[in-house]
Amino acid sequence: MAAQPEQASILSFEEARAVVEDHASHLQPRGRELLAVLDAQGRVLAEPIHADRDFPPFPRATRDGYAIRASDLENLPTDLQIVGEIKAGGTPTGLAVQSGQGVSIMTGAPVPDGADAVVMLEHTKHAGDHVQVTRRVAANENIVAAGAEAKRGDKLLSPGVRIGYAEIAVAASVGRPRLVAYAKPRVAVLSTGDEIVDIDVPPGPNQIRNSNTYSLAAQIQDAGGDPVLLPIAPDEPARLRELLLEGLEADLLLIAGGVSMGKYDLVEQVLAELKAEFVFTGAQIQPGKPVVFGRMPCGADTLVRETDSVAKYFFGLPGNPVSTMVTFELFAKPMLEALAGMPPRKLVFTHAKLKSEIRTRIGLKRFLPAVLSGEFERCEVELVRWQGSGDIASIARSNCYVVIPPDRERIETGEWVPVLLR
Ligand code: AMP
Ligand code: MG
């Protein structure tokens with residue numbers, strides 16, 4: 001009799017997600033690398049980034065106009081004498097604004113001594129060496145004080161942030177052409193199934209091309225990992241076992257297919273024979289109910305190499321392509337992100353108005369492919385037509401998932417529904 005997972009359990013979506021986040025919070029990235037700032041895009045920062053000077057380093061004019069004394073503008077219009085000009089990059093040495101004077105100033109230029117505000121060009125009339133000011137400004141208006149954004153030495157970025165364009169701007173602004181980032185986790189992808197053929201092979205009439213390996217590889221790359229693509233595993237224990245062991249050499253193993261109740265769904269059985277520990281063997285969701293999460297403990301009596309000092313985690317994702325994609329997003333992604341160096345985070349949902357009613361059955365939390373549309377504040381969402389979780393083209397037509405709680409069988413047009421963006 002084949003070994004069965006001992007701790008088999010089916011959790012609610014919330015329980016399953018919480019348990020994954022908890023395991024993720026104990027993971028460590030593999031190492032660090034020094035990368036050119038643009039090569040670090042999409043990586044996770046492994047060092048704090050500090051301000052190397054005050055930001056801004058000088059009191060900065062935020063408008064083109066005249067640097068003046070706000071107290072000079074009590075009676076309008078007021079005539080001021082222009083005593084100089086400062087452009088961005090200029091030095092206001094020797095310039096000091098006295099009462100009754102103004103200095104012509106450009107956006108990004110340092111405000112000269114004596115001035116405490118900048119009046120916008122639009123509120124002035126220039127004539128010879130005088131300017132007539134027609135609008136009052138408050139003290140400090142249109143000036144950012146030196147050090148107001150950050151003081152030299154302040155921490156601007158913390159380790160664990162994903163490096164995107166804003167983080168790259170911060171690195172550039174403190175003079176960092178290179179950044180220390182965490183190494184990308186290697187994530188093995190193993191698709192299973194006797195009917196699955198690879199994409200460069202002409203499929204027989206009853207065969208299916210392997211899309212899961214490729215969608216998962218793309219999701220892994222998006223989430224900051226390096227996919228390691230394994231050959232397709234047949235529904236046969238010996239070869240499946242070999243490929244599972246190969247996959248367990250990576251930092252995380254994703255198996256697609258072979259986790260349902262069918263006679264040839266062998267993944268759990270073979271993993272159990274390899275002494276895997278199962279954290280859960282299903283979640284009350286649709287699509288993706290048979291999702292499996294577990295780990296292969298390390299140590300002399302297990303098959304994980306002893307050089308690996310940590311347990312290796314795996315997911316068994318249901319093989320229906322939409323289920324594979326959704327369960328990756330809901331469960332595998334936080335593990336991958338943790339291995340990439342990010343602290344685990346909660347899933348973020350937005351809300352949108354339902355464009356046409358949904359009828360379904362109670363019992364499972366559903367994540368249904370949908371299209372979010374509308375303009376400006378009028379956000380609407382509608383399910384895409386689909387033939388179930390095998391319908392790859394339908395998910396490609398969608399841009400989000402509508403989330404339906406397990407106790408609702410009818411959601412009316414016009415109701416606000418939670419939406420998970422993709
Ligand atoms: P399974 O989870 O193995 O029971 O597979 C469920 C459904 O997904 C079946 O219709 C499979 O043919 C299909 N499927 C499984 N693996 C893949 C794959 N790698 N690419 C595309 N479809 C797949
Ligand atoms: Mg199968």
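## A tour from the cis prolines to the two sheets

Start by selecting P287, which sits in the loop between strand 21 (285-286) and strand 22; helices (H or I, at least four residues) and strands (E, at least two) are DSSP runs, numbered from the N terminus. The peptide bond joining Q286 to P287 is cis, with omega about -5 degrees. This is a predicted model, in which local features need pLDDT of at least 70 and side-chain atom pairs count only at pLDDT 80 or more, while totals for chains, interfaces and linings use all residues. Residues are numbered from 1 along each chain as its sequence is written, chains are lettered from A and ligands numbered from 1 in the order in which they are written, and side-chain values use heavy atoms, with hydrogens and water left out.

**First sheet**

Next, select strands 17, 14, 18, 23, 22 and 19; in that order they make an open sheet of six strands with mixed pairing. Two strands pair if DSSP finds at least two bridges between them. Strand 17 (226-229) and strand 19 (277-280) are the edge strands, each pairing on one side only. From one strand to the next the twist averages 25 degrees; axes are lines fitted to C-alpha atoms, for helices over the stretch in contact, and angles run from 0 to 180 degrees between N-to-C directions.

Within this sheet, pick strand 14 (residues 186-191) and strand 18 (residues 252-256), a parallel pair with five bridges. For one of the partnerships, select V187 and its bridge partner in strand 18, L252.

**Helices on the sheet**

Now add helix 3 (residues 212-222), which lies across strands 14, 17, 18 and 23 and runs at about 160 degrees to strand 17. Helix 1 (residues 13-24) lies across strand 19, strand 22 (292-296) and strand 23 (312-317), at about 130 degrees to strand 19.

Keep helix 1 and show helix 6 (residues 321-339): their axes come within 9 Å and cross at roughly 10 degrees. The two helices are therefore roughly parallel to each other (angles under 35 degrees count as roughly parallel, over 145 as roughly antiparallel, 65 to 115 as roughly perpendicular and the rest as oblique). To see the contact (heavy atoms within 4.5 Å), select F13, A16, R17, V20, H23 and A24 of helix 1 with E329, L330, F331, P334, M335 and A338 of helix 6. These residues divide into nine nonpolar, one polar and two charged.

**Two loop residues**

Go to K275, in the loop between helix 5 (267-273) and strand 19. Its phi is near 70 degrees, a positive value in a residue other than glycine. K275 counts as partly exposed because its relative accessibility is 47% (buried means under 20% relative accessible area, exposed over 50%, partly exposed in between, with a 1.4 Å probe and protein chains only).

Then select F376, in the loop between strand 26 (365-375) and strand 27 (378-383). F376 is not a glycine, yet has a positive phi, near 50 degrees. At 74% relative accessibility, F376 counts as exposed.

**Second sheet**

Finish with strands 8, 5, 7, 6, 10 and 9, in that order an open sheet of six strands with mixed pairing. Strand 8 (117-120) and strand 9 (124-127) stand at the edges with a single partner strand each, so one side of each has no neighbour in the sheet. The twist here averages 40 degrees from one strand to the next.

Strand 6 and strand 10 (residues 130-133) run antiparallel, joined by four bridges; D79 has Q132 as its bridge partner in strand 10. Last, select P77 in the loop between strand 5 (65-68) and strand 6 (78-86). A cis peptide bond joins L76 and P77, with omega about -10 degrees.

Note on methods. Nonpolar A, V, L, I, M, F, W, Y, C, P; charged D, E, K, R; others polar.
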